[in-house]
Amino acid sequence: MEKLNELLREYNQLLENLVFDIESLDYTVFEQQIPFLNQMAKVNNTGLTVFDMNKREHIYASYNLEEIFGYDMNQIEEVGNDYFNSKVHPDDLLILVKRGTDLLRYFITLPEEEVKKFKYQSEYRIQNHQGKYIRIIEQHQVLEMDNFGNMWLSLSVVDVSPNQNNSDEVKGQLINIKTGEVQTISEQNQSTDLSKKLLTEREAEILNLVKEGYLSKEISDNLSISVHTVNTHRQKILKKLSANTSIEAIEFAGRLGLI
């Protein structure tokens, strides 16, 4: 439980580092999509939810989640994400939160035009209304970005898996929906591979020097690069870590083990 709480805190910290201009968020864009989502749930007999990264809560849950998976719709409305987590097998939840944290960290580093090219598909166990664990397939994809390139709304599509054996494996893969290329996400390599992409070696080197108290001119002399290049790197670091100041960037990078 302690490890799970630690991972949840890290995930929530990542969400907190997504800074939104509240006045620019046009929720009518989402409201216009609700009829389509309802129709999709009806035709495909699939469960749908939409997570709002600004509010950090689910703002949509399809009517058939109760029928298909035994979810309590009142509990979803009252408790939200904690209720969904409570239905996941405890062993699977720890892995899912870890992977979700690393994926969110990775997506933050991607250019805006790249983010919507990917979806993440996972297979794991949840408890149905009979108290029995069943395997489900869930696909996550960014539904809407805000005007500043932040991930805003995330769509989750959930189906009962055709694979209802006794396997306890949590499967996961990152799929490029443009090319069909699949990147398998394993517990062993996910954290290291995705985290390394957050900051380049040069950016980590510069941030370490900033941490030690060096000014841009001193970093320039130390690394034999121009002050302009140093400042460009510093701006990229702030953007990648969604930080407003160098102090915030240092604290965030330290928590992630990047410096």
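This passage describes the overall form of a predicted protein model and then selected local features.

The model is predicted, so local features are reported at pLDDT of at least 70 and side-chain atom pairs at pLDDT 80 or more, while totals for chains, interfaces and linings use all residues. Residues are numbered from 1 along each chain as its sequence is written, and side-chain values use heavy atoms, with hydrogens and water left out.

The protein chain holds 13 helices and seven strands. These elements are DSSP runs numbered from the N terminus, helices being H or I with at least four residues and strands E with at least two. The radius of gyration is 20 Å, in agreement with the value near 18 Å for a compact globule of 259 residues. That radius is taken over C-alpha atoms, and the globule rule is 2.2 Å times the number of residues to the power 0.38. The C-alpha trace spans about 65 × 40 × 35 Å along its principal axes.

Of the 259 residues in the chain, 47% are buried. Here buried means under 20% relative accessible area, exposed over 50%, and partly exposed in between (1.4 Å probe, protein chains only). The accessible surface comes to about 14000 Å², and carbon and sulfur atoms contribute 47% of this surface. Areas follow the Shrake-Rupley method with a 1.4 Å probe; for residues, only the protein chains shown count as cover. Among contacts with a separation of 6 or more, 60% join residues 24 or more positions apart. A contact requires heavy atoms within 4.5 Å.

Helix H1 covers residues 2-16. Its 15 residues should span 21 Å at 1.5 Å a residue, and the end C-alpha atoms are indeed 21 Å apart. The expected span is 1.5 Å times one less than the number of residues. Leu4, Leu7, Leu14 and Leu15 are buried in H1. Seen down the helix axis, the buried residues of H1 fall within an arc of 105°, so they line one face. This arc is that of the directions from the helix axis to the C-beta atoms. Glu2 and Arg9 are exposed, on the face of H1 turned away from the buried side.

Helix H7 has 20 residues. From first to last C-alpha it reaches 30 Å, close to the expected 28 Å. H7 is mostly covered, with 15 of its 20 residues buried. His89 sits in the loop between H6 (81-87) and H7 (90-109). His89 is buried, at a relative accessible area of 14%. Leaving aside residues up to four places away in sequence, His89 touches Arg125 and Tyr133.

Strands S1 (47-52) and S2 (57-61) flank the loop that contains Arg56. They pair in the antiparallel sense over four bridges; pairing requires at least two bridges found by DSSP. Val50 stands opposite Tyr60 in S2. The two strands form a hairpin with four residues between them.

Most residues other than glycine have a negative phi. Arg56, in the hairpin turn, has a positive phi of about 60°. Arg56 counts as partly exposed, with 38% relative accessibility. Ser224 also has a positive phi of about 60° and is not a glycine. Ser224 lies in the loop between H11 (216-223) and H12 (227-240). Ser224 is exposed, at a relative accessible area of 66%.
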